[in-house]
Amino acid sequence: DWKAEDWQPAEWEIPLHRWINLSDDQSATPWGVSVLNTGKYGADVRQGQLRLSLLRSPCWPDPQSDRGLHCFTYAVYPHGGSWQQSRTVEAAQVLHHPLEWRVLSAAASQKPARTLPPSATLMSLGSEALELMSFHPQRSGEGYVLRCYENRGRSTILDLKIPGSIAPSIASIQCLDGLETVKTENSVTSCLNTENITDCLGDALKVNPWQIRSWGVIFSKELD
């Protein structure tokens with residue numbers, strides 16, 4: 001449990017993003033409970049009690065702030081084992097970005113009808129500890145920016161795989177900084193058509209605990 005020091009009497013709350021977890025990992029059968037949310041950024045845990053701050057209503061700088069009707073979305077997620085084993089991060093992501101779907105009529109498309117598989121993967125990062133943050137065209141117009149972060153608290157390796165006909169079409173991967181500029185001139189192009197990209201690039205694909213990493217990915221042909 002988190003407890004404020006004597007010199008921090010006002011700091012009774014800790015920040016959070018999407019979820020907070022309280023676990024008992026000392027028992028013979030570890031278990032815990034996570035509280036997921038879609039936009040609340042403060043909570044406190046004291047003596048086994050977990051509370052989520054819903055409103056602040058400060059008098060300054062706007063004495064009228066937070067007045068009116070409010071709607072909240074949060075979920076209680078009990079689980080066995082640790083929050084890493086129970087995939088709390090993924091559960092919070094699903095709550096924060098629910099699946100959107102739509103039904104299209106056959107007449108709405110001019111393309112021939114195709115049969116889709118029951119399930120498919122558009123992109124794999126090779127590790128459950130890596131969460132995709134963004135995949136978008138580079139500002140330079142050449143290639144794409146892939147950004148992800150490590151969400152389990154342990155080092156891991158990016159192992160990028162794109163199933164389908166474009167799988168062998170990666171031409172190069174470059175390390176980028178936070179401004180999406182190339183960190184080094186080490187652009188590896190000769191080994192990316194091999195079966196194991198990870199062995200070829202080594203530490204260039206390593207992601208440290210909680211780290212945000214960005215790469216520039218260039219394909220030998222455009223994505224469909």
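In this predicted model, helix α1 spans residues 88-96, and its buried residues are T88, V89, A91 and A92. These residues lie on the same side of α1, because they cover an arc of only 160° around the axis. The partners against which the buried residues of α1 pack are the strands β2 (19-24), β3 (31-37), β6 (74-80), β7 (130-137) and β8.

The segment preceding the helix was examined through S86. This residue is placed in the loop between β6 and α1. Despite its loop position, S86 has a relative accessible area of 10% and is therefore classed as buried, the cut-off being under 20%. The side chain of S86 is joined to that of T88 by a polar contact of 3.4 Å, and T88 is itself among the buried residues of α1. When residues up to four places away in sequence are not counted, S86 touches Y77, H79 and G80. These three residues fall within β6 (74-80), one of the two elements flanking the loop that holds S86.

Attention was then turned to the nonpolar cores. The largest nonpolar core comprises 16 residues, of which L125, L146, L158, L160, W215 and V217 touch the most other members. At least two residues of this core are supplied by each of β8 (144-150), β10 (170-176) and β12 (212-219). Strand β8 is also among the elements that pack against the buried residues of α1. A second core, separate from the largest, consists of six residues, including I20, A43, V45 and L52.

How values were computed:
Residues are numbered from 1 along each chain as its sequence is written. This is a predicted model: local features need pLDDT of at least 70, side-chain atom pairs count only at pLDDT 80 or more; totals for chains, interfaces and linings use all residues. Side-chain values use heavy atoms; hydrogens and water are left out. A nonpolar core is a set of buried Ala, Val, Leu, Ile, Met, Phe, Trp, Tyr and Cys residues joined through side-chain atoms within 4.5 Å. Buried means under 20% relative accessible area, exposed over 50%, partly exposed in between (1.4 Å probe, protein chains only). Helices (H or I, at least four residues) and strands (E, at least two) are DSSP runs, numbered from the N terminus. The arc is that of the directions from the helix axis to the C-beta atoms. Contact means heavy atoms within 4.5 Å. A polar contact is a pair of N or O atoms within 3.5 Å; within protein, one must be able to donate a hydrogen and the other to accept it, and residues adjacent in sequence count only if both atoms are side-chain atoms.
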